[in-house]
Amino acid sequence: MARRSEADLPLFREKRVNDPRQALVLLAVEAQSCTRCPLYRNATQTVFGEGPADASLMLIGEQPGDQEDLSGRPFVGPAGKVLDKALEEAGIERAETYITNAVKHFKNEPRGKRRLHKKPDTSEIDACRWWLNHELAIVRPAVAVALGATAARALMRKTLSVNANRGRLIALPSGGTGLITVHPSYLLRLSEERDKRREFDLLVKDLRLAAEQTTHARR
């Protein structure tokens, strides 16, 4: 892998880090003490992204869920299982993909022994974009896929309808290509099996398009 200049990684200019893999490690360590928004107060830990520093495909979810908050890893709960199955059907290796979230702390409302998921608001998404921007700058994926509306806002830097824009290749403000699709948790909320199957097939189609675009970008 070609070495990058210090200017490519402005966060670490003082530390003279020009190895993308090491830069991600340092970024993750720094994120563990993040207090950029109040969400850290009710979360167990920061859940940072994981995957190769030279991944050509990046997947961006909304935020960690309960299981992710406890384990410290993205997409390991029920939605993660849906995503894993969709990746498999799309012919994408999870180990070769960088997976992260737009918001790195679990936003929740304690209710007895349970913690109920709450959708991040605009200020929280925008505050956490600082970390996502650095992940994008380090990994430099050919295609970044926004899973759901929260991820779409973080990636595109504006609010976009998922239904109106899903499955389209969109030029990103920071360079590269973006694609919007549904969050895997959406499928879990559907009650009809035929609706789940239809939406799952569409998710696979979107992921496959993203993977095909990364192949074209490498040529």
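Let me begin with a cysteine: the sulfur of C128 has its closest cysteine sulfur in C34, at 6.0 Å, which is too far for a bond. A disulfide here is a pair of cysteine sulfur atoms within 2.5 Å, and by this rule the count is zero. Both cysteines lie inside, if buried is taken as under 20% relative accessible area, exposed as over 50% and partly exposed as in between, with a 1.4 Å probe and protein chains only: C128 is buried at 7%, and C34 is buried at 12%.

Before I go on, a word on where these values come from. The model is a predicted one, in which local features need pLDDT of at least 70 and side-chain atom pairs count only at pLDDT 80 or more, while totals for chains, interfaces and linings use all residues. Residues are numbered from 1 along each chain as its sequence is written, and side-chain values use heavy atoms, with hydrogens and water left out.

C128 takes us to helix α4, where it is one of the buried residues, others including I125, W131, L132 and V139. Helices (H or I, at least four residues) and strands (E, at least two) are DSSP runs numbered from the N terminus. Helix α4 covers residues 122-139, 18 residues in all, and from its first C-alpha to its last it reaches 25 Å, close to the 26 Å expected at 1.5 Å a residue; that expected span is 1.5 Å times one less than the number of residues. The helix nevertheless has a kink of about 40°, centred on R129, where the bend at a residue is the angle between axes fitted to the seven residues ending there and the seven starting there. After α4 comes R140, whose phi is positive, near 55°.

What do the buried residues of α4 pack against? Taking contact as heavy atoms within 4.5 Å, they pack against α1 (20-31), β1 (57-61), β2 (98-101), β5 (143-147) and α5 (149-156).

Now to the aromatic rings. Rings of Phe, Tyr and Trp (its six-membered ring) pair if their centres lie within 6.5 Å, and planes under 30 degrees apart count as stacked, over 60 as edge-to-face and the rest as tilted. How many aromatic pairs does a search of the whole structure find? The search finds two. In one, F48 and W131 have ring centres 6.5 Å apart and planes at 90°, so this pair is edge-to-face. The pair joins distant parts of the chain, since F48 sits in the loop between α1 and β1 and W131 in helix α4, 83 residues apart. W130 and W131 also form an edge-to-face pair, with 4.8 Å centre to centre and 85° between the planes. F48 is buried at 5% relative accessible area and W131 is buried at 4%, whereas W130, at 27%, counts as partly exposed. Ring pairs thus link F48, W130 and W131 into a cluster.

F48 has a further neighbour, as K104 lies over its face at 5.7 Å from the ring centre; a charge sits over a ring if NZ of Lys or CZ of Arg is within 6 Å of the ring centre and within 35 degrees of the ring normal. Elsewhere, K85 lies over the face of F200, at 5.4 Å from the ring centre.

K104 brings me to my last residue, Q45, found in the loop between α1 and β1 and partly exposed at 24% relative accessibility. Leaving aside residues up to four places away in sequence, Q45 touches Q32, D69, L70, S71, G72, K104 and H105.
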